[in-house]
Amino acid sequence: MFKGLKPIVYGGREVWPLVEGGKGVSATNHASSGAWAAAGGIGTVSAVNADSYDANGNVIPQIYHGRTRAERHEELIRYAIDGAVEQVRRAYDIAAGKGAININVLWEMGGAQPILHGVLERTRGMVTGVTCGAGMPYKLSEIAAQYNVNYLPIISSARAFRALWKRAYHKVSALMGAVVYEDPWLAGGHNGLSNAEDPRVPQDPYPRVKLLRETMRAEGIADSVPIIMAGGVWYLREWENWIDNPELGQIAFQYGTRPLLTQESPIPQGWKDALTKIEEGDVLLHKFSPTGFYSSAVLNPFLRTLQSRSERQIAFSTQMAGDHTAQLDCGVKGKNFWVTPADLMRARGWDAQGFTTALKTPDNTLVFVTPNERAEIRKDQTDCMGCLSHCGFSSWKDHDNNSTGYLADPRSFCIQKALQNIAHGAPIDENLMFAGHAAYNFGKDPFYSNGFVPTVKQLVDRILTGD
């Protein structure tokens, strides 16, 4: 047992201060979260479009039949509720009364509120808490109170927490089970990096978490309410000065990346194999996500394609103005595209390389793509099923008139498609592969020597030693 590490009381039960990070789509399911809870920790079922199963135990493909986006969005909500309920029930059975089961949702996912209501209504007594980030989930506490479950907001700054507390959470203070501090420079998936912070200049998490605790104390929140450190956590021995530290109060630790490589992990074998080959610096903090948030994923050919696409980009005007004195003669139809003489030459070069189609972006720029890329982008935008509350890629919005009012952005991608694909066996080089920035440790940590893949119980036991 690593020195100073003690169980915490969560949901009326003693559990290890070790939380499995919930990862959607389908990268964290009943098998992994149930096993994590059975090992004495807090397992987290991803309730982001989770899998359902047929009578033979096979995954039910999420196929959409609605003719309109709004109709497909309603189908998505039904899939999401049914899948999450099935995953929670199975995880609860595996846990067998040990640890705790949480669910995780993204506030910016399409239909977040009806999905939460639908899942919590049908899993009463099984879910201990709800973790929620990717946005400012003001109504999380109100929803949690209706089902008497804990809520655990995921934030990346004391300022964000204070805004949530002042607006809503102070009204339901008793059910705030913990606050998850997600390091925006180190955590995998979407994060809360603000416009005031430089993605290229990571900040030490200690002073940021210390400020978070000071903010919580100023609002009368007891030190026994844990702050869960998420992002960059691998060896507990690297966090020794955080444990039993009066400046920080009760601290717990969240593991998102390490549980990907276990026997119970539901991700395909090809994804597991790729994890062991990641080198330091291979995970990219980028802003290609259609959510508009920064996120971190492995820099594979899929992300490199998005990088290259954005590099083949020029500004244009609809009439001659300023230094836009050259009329674009490739990639577009019509004559109302004026660019700089230098950009005209760049565009002609891309056209000669096969990037013969220019697509407009919401920022009055053009990106040059191949005809096949254009066809795929347009199909994905047309097939949108409304998986986000606001989608930059398709211009979908899950309320009012179902449109953001902005031009659909071809520099992004369909995140539902990319995550569903990789989770269900499609080529990892052609899809989004989320991972935290500490993933390179899979190739360096002797625990994984000679291709060893632990069970969840073996992993939790290893973590408890400090390694």
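What volume does the second largest cavity have? About 70 Å³. Keep that one in mind; we'll get there at the end of the tour. Before you click on anything, remember that this is a predicted model.

**Stop 1: a sheet with two edges**

Select residues 313-315, 357-360 and 365-369 and show them as cartoon; these are strands S14 and S17 and strand S18. Together the 3 strands make an open sheet, ordered S14-S18-S17, with antiparallel pairing. S14 and S17 sit at the edges with a single partner strand each, so one side of each has no neighbour in the sheet. Look at the twist while you're here: neighbouring strands are turned by 30° against each other on average, ignoring direction.

Now zoom in on S17 and S18, which are joined by 4 bridges. Label Thr357 and you'll find Val369 of S18 standing opposite. Then add residues 371-382: that's helix H10, which packs on the sheet and touches S17 and S18. The helix direction makes about 30° with that of S17.

**Stop 2: the largest pocket**

Next, select Ser157, Ala160, Gly192, Leu193 and Ser194. Of the 25 residues lining the largest pocket, these are the closest to its centre. The pocket holds about 580 Å³ of space. Colour strand S7 (150-155) and helix H5 (158-167), the elements that give two or more residues to the lining. H5 gives the most, with 3 residues. Colour the lining by residue class and you get 10 nonpolar, 11 polar and 4 charged residues.

**Stop 3: the largest cavity**

Time to go inside. There are 3 cavities of 30 Å³ or more, and the largest has about 770 Å³ of space. Centre the view on Gly22, Lys23, Gly188, Gly189 and His190, which lie nearest the centre of this cavity among its 50 lining residues. Several elements give two or more residues to the lining, including strand S5 (100-106), strand S6 (129-133) and strand S11 (251-255). Pick out helix H11 (415-423) too: H11 gives the most, with 5 residues. The lining divides into 26 nonpolar, 20 polar and 4 charged residues.

**Stop 4: back to the second largest cavity**

Finally, the cavity from the opening question. Show sticks for its lining, among them Cys384, Cys387, Cys391, Cys414, Phe393 and Trp396. Asp380 and Ile415 belong to the lining as well. By class, the residues here come to 9 nonpolar, 2 polar and 1 charged.

Conventions:
Residues are numbered from 1 along each chain as its sequence is written. This is a predicted model: local features need pLDDT of at least 70, side-chain atom pairs count only at pLDDT 80 or more; totals for chains, interfaces and linings use all residues. Side-chain values use heavy atoms; hydrogens and water are left out. Two strands pair if DSSP finds at least two bridges between them. Axes are lines fitted to C-alpha atoms, for helices over the stretch in contact, and angles run from 0 to 180 degrees between N-to-C directions. Contact means heavy atoms within 4.5 Å. On a 1 Å grid over the protein atoms alone, a cavity is a set of points where a 1.4 Å probe fits but cannot get out, and a pocket is an open set with protein on both sides within 12 Å along at least five of seven lines; lining residues have an atom within 4 Å of a point. Grid points are joined across faces, edges and corners, and a volume is the space filled by probe spheres set on the points. Ala, Val, Leu, Ile, Met, Phe, Trp, Tyr, Cys and Pro count as nonpolar, Asp, Glu, Lys and Arg as charged, and the others, Gly among them, as polar.
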